[in-house]
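Please look through the sequence and the model shown below, and keep both in view while reading. The paragraphs that follow move from one residue to the chain as a whole, and then to its interior.

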Amino acid sequence: MRWTDPAKAGRAPLLTTTKAAVVVGGRVRFARRPRKPKKDGTPRAKPRELEHKEQVIVAEWLDRAGILYCAVPNGGQRHPGVARKLSAEGVKAGVPDLLIFERPPHADARGVAVEMKQADGGRVSNAQGEWHASLMAQGWIVIVAHGAAEALKALNALGYRVPG
């Protein structure tokens, strides 16, 4: 299939915008405005990327400790069709990022839920707050950790350790 310029073909353009656009895989993609750099001029990372890096550190620590846990991949942008499928399968908004199923050695709880936030900020959404309250009512401990260091400190305080 060849692309034909609508103006040359005597037709009105299909897309009228002042934004820069590119066609990728048959879809029009608009260029996004670049993120405003930090005061020192370095580029800003996307908030989800910062949280991702912190969560990876905690997940690797839990793996080394041999603790039974799982990550809940609720965050991020998804195509509406994929979001509908996941919702139909039971995915719920606000579920904490990490669920630890082993009882903590130094606390009387059924498990531990860890909500990861950026080290330099981040807040708990209404849906997350509702989940936290529900889990605590069921006997879970909920940790809202701003960065990996804070999460690991809380897990150590509950008695979780990396052997050796």
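A residue is called buried when its relative accessible area is under 20%, and exposed when that value is over 50%, with partly exposed residues in between. The model to which this is applied here is a predicted one. Is Gln 128 buried or exposed? Its relative accessibility is 13%, and because this lies under the cut-off of 20%, Gln 128 counts as buried.

In the sequence, Gln 128 belongs to helix H3, which covers residues 126-137. If residues up to four places away in sequence are set aside, Gln 128 touches Gly 94, Glu 115, Lys 117 and Arg 123. One of these contacts, Glu 115, has Val 144 in strand E6 as its bridge partner. Strands E5 and E6 pair in the parallel sense, over 6 bridges, and together with helix H3 these two strands make a right-handed β-α-β unit.

With this unit in mind, the reader can turn to the whole chain. Its secondary structure comes to 4 helices and 6 strands, and read along the sequence these elements follow the pattern β-β-α-β-α-β-β-α-β-α. Of the contacts between residues at least 6 apart in sequence, 63% join residues that are at least 24 apart. The chain has 164 residues, of which 27% are buried, and its accessible surface comes to about 11900 Å², with 55% of that surface belonging to carbon and sulfur atoms.

The next step leads to the interior. The largest nonpolar core has 20 residues, and those that touch the most other members are Val 58, Leu 62, Ile 100, Val 112, Val 114, Leu 155 and Tyr 160. Two or more residues of this core come from each of helix H1 (47-65), strand E4 (98-100), strand E5 (112-117), strand E6 (141-146) and helix H4 (148-157). Which of these elements gives the most to the core? Helix H1 does, with 5 residues.

Ile 100 serves as an example of a core member and its surroundings. Apart from neighbours within four places in sequence, Ile 100 is in contact with Leu 62, Ile 67, Leu 68, Tyr 69, Gly 111, Val 112, Val 114, Trp 140, Leu 155 and Tyr 160. Another core, of 7 residues, lies apart from the largest one, and its members include Val 95, Leu 99, Leu 135 and Trp 140.

Definitions and conventions. Residues numbered from 1 in each chain as written. Predicted model: local features only at pLDDT ≥ 70, side-chain atom pairs only at ≥ 80, totals over all residues. Heavy atoms only, no water. Buried < 20%, exposed > 50% of the residue type's maximum accessible area, 1.4 Å probe, protein only. Contact = heavy atoms within 4.5 Å. Core = buried A, V, L, I, M, F, W, Y, C linked by side-chain atoms within 4.5 Å. Areas by Shrake-Rupley, 256 points an atom, 1.4 Å probe, with all protein chains shown as cover. Pairing = 2+ DSSP bridges. Right-handed = clockwise from strand over helix to strand, strands pointing away.
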